[in-house]
Protein chains: 2
Amino acid sequence: MAQKAVTLKDVALAANVSRATAARALNGYGYVGGEASARVLQAADRLGYRGNRVAQALRRGQLPLIGFMPGDIQNPFFARIAHDVDVELRASNHNLLIASSEEDPEQEMELLDSLQSLNVRGFIVAPTSADDNAHLIRLVNEGVPIVLIDRALPDVACDSVTVDNEGGAREAVNYLIANGHRRIGLVQDDSRITTARGRLAGYIQALKSHGLEVDESLIIVSRSTVEYAIDATIRLFSRPSRPTALFTVDSLMTQGALLGLRSMGLAVPHDVSLVGFDDFNLATFTDPQITVVAQPIAQIGPLAVKLLLQRINGSSEPQHNAQFPTRLIVRGSVSRPAGAPLR
Amino acid sequence: MAQKAVTLKDVALAANVSRATAARALNGYGYVGGEASARVLQAADRLGYRGNRVAQALRRGQLPLIGFMPGDIQNPFFARIAHDVDVELRASNHNLLIASSEEDPEQEMELLDSLQSLNVRGFIVAPTSADDNAHLIRLVNEGVPIVLIDRALPDVACDSVTVDNEGGAREAVNYLIANGHRRIGLVQDDSRITTARGRLAGYIQALKSHGLEVDESLIIVSRSTVEYAIDATIRLFSRPSRPTALFTVDSLMTQGALLGLRSMGLAVPHDVSLVGFDDFNLATFTDPQITVVAQPIAQIGPLAVKLLLQRINGSSEPQHNAQFPTRLIVRGSVSRPAGAPLR
DNA sequence: CCGTTGTGTGAGATCGATATCATATTTGGA
DNA sequence: TCCAAATATGATATCGATCTCACACAACGG
């Protein structure tokens, strides 16, 4: 069925030279006679020789592949980064292996293992857990190039590209407070994830710096999924004394919150003010448009690739942990709560 | 720097047997003594032997990799399929190589070539062009397993999983006509893409079956991108006599149309009725919610994987071209045009 | 005219895993 | 007891590309 591919041997035979000479002609190293070289090149062309990257990889010890492991490829945030990484890598002839961890540390471990045995040259990972990192530490110690994105891990000594989650969350909550809100709800991701921790920290800092108490009943843990967030939002707003404002820690949760609130007949911003982390195209489609903390998403992928390729090429520069600032984009989803004094 | 990985040789040495015996013990074939087997297994475990999939691939002639080539991984439609394919493949120990063609036939060719020389086991492709298919035909003739998704190609003899584009478009336009619209605009994708052709055909059929003329000035060609679609929409509605309704052929274009109309101060459905092809979560966030032709997206990825794995495992069943029906989801973006007679 | 560089080429080792083949060694049945 | 079958193991070829090494031959200076 599947025809066997043309091998170097075939080309060498057709050109009437040895495999060694054929290889030299094709790869342009060592001494090759002009005439022999021409014959080889012509034969290769005629036979449609493509070379076997697997064999090359075995010889060289590495495949020109990069593993990309997002928490969820359907999250537009990761999809965008995947796209940028793909484009960026194409320039250096690498291909992209995408394997979603589905936010499961177990699965992350297995996939990392499986890809490593493929002799992948390096990884770009959004680590699922802030704590269970033995596998990542092991990889780093083995000298495997890794760049963490979105979520940095202090105990894993490798490059990372992240965003100022704490600062972004603080700014969002400060903004809500400045608008007169005192009971500010938080739809939070699993605290295993570092970004969730950072954003929670920012939330708490903002409250404390204004002398507000952190009320556990205003915080609800969901998952980064529209469906879960709908449910979480409904549960949060079914509790005795409702928040007047809501901060959601990622775009899918913001969508979920929007739907959850709508299903309860709560209007944004009339009944509840809303600020989300991570901008998303939907945010400008709603009425009112949603105020969000935007991340410089276009910069994350390219920088991650740049750092990774540097490591792959043997750079031994000190660990580089890039952290981009966020930007609060004020749109129309926040208003002063009923009965709040004008400042 | 990078530690060399543990090889079979190391394990064999540690277990004090030959490589052959070690391989037998690890892979469970042929005769192996119970004691030797135990020693090998234990040594492998102790050393953390993982096996080198590249070497295995060289030997076997194939890597357990599947190439997935969408037009654009950022399009939620493809992101969803990528996710499903990833999950499905995990069950059979394959990894997913994702390489976006970016709707460029040239790039599609190069990537296909590059992945083929990686001894990928098969491809799932959303072919960019309905016409330039020499490369796909060549692959099929070489016996490389391929499944086309979203877009079938009559001249490429391989399995495919698609959707009834013509029928879906017809239904959408029929619905607009039934609501009294006579001037129905079309925001269309590059006619190189087969889905675009099918949806255009459906649009034309619906018009003709109601005795309506196809007015070229109501059709505008965009690209599957929010930005392009905004622009196209604005241009379309800047022409002398505007349509009263609009049909957009994919979700990104629907978004673009929405934004374009808004920027021109045209309200949906008051000024313009809108039906889009492909459902998307945003469609229910807008006010009004958008009426769309939905595709059974959850079924596409799994079926494509199933068909592909069958081919990989040597099935020689006749070519299977699955086509799912679409479903019109009526929401609130269509109303009767001003001055239209009630039926 | 001979040794030294400089060219051009092929034989063969290598990467790591696997499978075939040949060679022990044991077991079982006649 | 003896031979055949069953069991266990190692040596080695193989997958395809690359690269070192050794060898051949030319050109060149002294």
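Me: Which polar backbone atom is 2.8 Å from a phosphate oxygen of DNA strand C?

Reply: A polar contact is a pair of N or O atoms within 3.5 Å; within protein, one must be able to donate a hydrogen and the other to accept it, and residues adjacent in sequence count only if both atoms are side-chain atoms. Here a backbone atom of Ser18(A) lies 2.8 Å from a phosphate oxygen of DNA strand C. This is a predicted model, in which local features need pLDDT of at least 70 and side-chain atom pairs count only at pLDDT 80 or more, while totals for chains, interfaces and linings use all residues. Residues are numbered from 1 along each chain as its sequence is written, chains are lettered from A and ligands numbered from 1 in the order in which they are written, and side-chain values use heavy atoms, with hydrogens and water left out.

Me: How many residues surround DNA strand C, and which are the closest?

Reply: A residue is near a strand if one of its heavy atoms lies within 4 Å of it. For DNA strand C there are 25 such residues, and the closest are Ser18(A), Thr21(A), Gly33(A), Leu8(B) and Arg59(B). Of the strand C atoms within 4 Å of the protein, 59% belong to sugar and phosphate. One phosphate oxygen is 3.2 Å from a side-chain N or O atom of Tyr31(A), and a base nitrogen of the strand lies 3.5 Å from a polar side-chain atom of Tyr29(B).

Me: Which elements give two or more residues to the surface near DNA strand C?

Reply: Helices (H or I, at least four residues) and strands (E, at least two) are DSSP runs, numbered from the N terminus. For DNA strand C, the elements are helix 2 and helix 4 of chain A, together with helix 2 and helix 4 of chain B.

Me: Which residues come nearest to DNA strand D?

Reply: Of the 26 residues around DNA strand D, the nearest are Leu8(A), Arg59(A), Thr21(B), Gly33(B) and Arg59(B). Sugar or phosphate holds 58% of the strand D atoms within 4 Å of the protein, and the rest belong to bases. A side-chain N or O atom of Arg19(A) is 2.9 Å from a base oxygen of this strand. Phosphate oxygens of strand D lie 2.8 Å from a polar side-chain atom of Tyr49(A) and 2.5 Å from a backbone N or O atom of Gly33(B). Helix 2 (19-27) and helix 4 (53-60) of chain A, and helix 2 (19-27) and helix 4 (53-60) of chain B, each give two or more residues to this surface.

Me: What does the UniProt annotation say about residues 6-60 of chain A?

Reply: UniProt positions are given in the numbering used here, feature names are shortened, and annotations may be inferred rather than shown by experiment. The unreviewed UniProt entry annotates residues 6-60 of chain A as "domain: HTH lacI-type". Over these residues chain A is 71% helix and 0% strand, with its end C-alpha atoms 20 Å apart.

Me: How much area do chain A and chain B bury between them?

Reply: The size of an interface is often given as the accessible area lost when the parts come together. Buried area is the accessible area (1.4 Å probe) that two parts lose on being put together, summed over both. Chain A and chain B bury about 4,600 Å², 56% of it on carbon and sulfur atoms. Arg50(A), Val54(A) and Phe285(A) supply 16% of the area that chain A buries against chain B, more than any other three residues. In terms of contact (heavy atoms within 4.5 Å), 52 residues of chain A meet 52 residues of chain B.

Me: How many salt bridges are found across the interface of chain A and chain B?

Reply: A salt bridge is a side-chain nitrogen of Lys or Arg within 4 Å of a carboxyl oxygen of Asp or Glu. The rule finds 6 across this interface. One of them joins Arg90(A) to Glu102(B), with the closest N and O atoms 2.9 Å apart. Between chain A and chain B, 24 residue pairs are in polar contact, both residues being at pLDDT 80 or more.

Me: Where does the salt bridge between Arg311(A) and Asp159(A) link the chain?

Reply: The side chains of Arg311(A) and Asp159(A) meet at 2.8 Å, N to O. This pair links distant parts of the chain, 152 residues apart: Arg311(A) is in helix 12 (residues 297-312) and Asp159(A) in strand 5 (residues 159-163) of chain A. Over all chains the structure holds 32 salt bridges.

Me: Which peptide bond of chain A is cis?

Reply: The bond from Asp287(A) to Pro288(A) is cis, with omega near 0°. Pro288(A) is found in the loop between strand 9 (273-277) and strand 10 (291-294) of chain A. In chain B, a cis peptide bond joins Asp287(B) and Pro288(B), with omega about 5°.
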